[in-house]
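Look over the sequence and the model below. The report that follows covers the surface, a pocket and a helix.

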Amino acid sequence: MRILLEKYFSRGQLVELMYLSKSGEISKRRVKVIKVQGDSFQAYCFKKNAKRTFLINNVLACVPIVRNERSVI
């Protein structure tokens, strides 16, 4: 997971996460990774509209958000 997060950070991609909180709740987050360090990473969370720190081990799934490049007719 760490390698994926570092790749998305280096490309400046937005990422959609499934995240397990410390209280055991699963949430879906759209984030932009700011920094990956040790066992955690900092990202701007669009759900909370704030910079947050996430534990890498609590990320259940991680996929890049790809913009739809097809034009609407």
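## A nonpolar patch on the surface

In this predicted model, three residues, Met18, Ile26 and Leu60, form a nonpolar patch on the surface. Together they have about 270 Å² of accessible area.

One member of the patch, isoleucine 26, belongs to strand β2, which covers residues 26-37. Is isoleucine 26 buried or exposed? Its relative accessibility is 54%, and exposed begins over 50%, so isoleucine 26 counts as exposed.

## The largest pocket

The largest pocket holds about 180 Å³ of space. Its lining is made up of Tyr19, Ser21, Lys22, Arg29, Lys48, Arg52, Thr53, Phe54 and Leu55.

Which strand gives the largest share of this lining? That is strand β4 (residues 50-55), with four residues. Sorted by character, the lining of the largest pocket has four charged residues, three nonpolar and two polar.

## Leucine 4 in the helix

Leucine 4 is found in helix α1, which runs over residues 2-11. The relative accessibility of leucine 4 is 30%, and partly exposed covers the range between under 20% (buried) and over 50% (exposed), so leucine 4 counts as partly exposed.

Leucine 4 can also be placed relative to leucine 17, which is 13 residues apart from it along the chain. The C-alpha atoms of leucine 4 and leucine 17 are separated by 12 Å.

How values were computed
Residues are numbered from 1 along each chain as its sequence is written. This is a predicted model: local features need pLDDT of at least 70, side-chain atom pairs count only at pLDDT 80 or more; totals for chains, interfaces and linings use all residues. Side-chain values use heavy atoms; hydrogens and water are left out. Patches are made of residues with over 30% relative accessible area and no salt bridge: like charges are joined within 9 Å, nonpolar side chains (Val, Leu, Ile, Met, Phe, Trp, Tyr) within 5 Å. Accessible areas come from the Shrake-Rupley method with a 1.4 Å probe; for residues, only the protein chains shown count as cover. A salt bridge is a side-chain nitrogen of Lys or Arg within 4 Å of a carboxyl oxygen of Asp or Glu. Helices (H or I, at least four residues) and strands (E, at least two) are DSSP runs, numbered from the N terminus. Buried means under 20% relative accessible area, exposed over 50%, partly exposed in between (1.4 Å probe, protein chains only). On a 1 Å grid over the protein atoms alone, a cavity is a set of points where a 1.4 Å probe fits but cannot get out, and a pocket is an open set with protein on both sides within 12 Å along at least five of seven lines; lining residues have an atom within 4 Å of a point. Grid points are joined across faces, edges and corners, and a volume is the space filled by probe spheres set on the points. Ala, Val, Leu, Ile, Met, Phe, Trp, Tyr, Cys and Pro count as nonpolar, Asp, Glu, Lys and Arg as charged, and the others, Gly among them, as polar.
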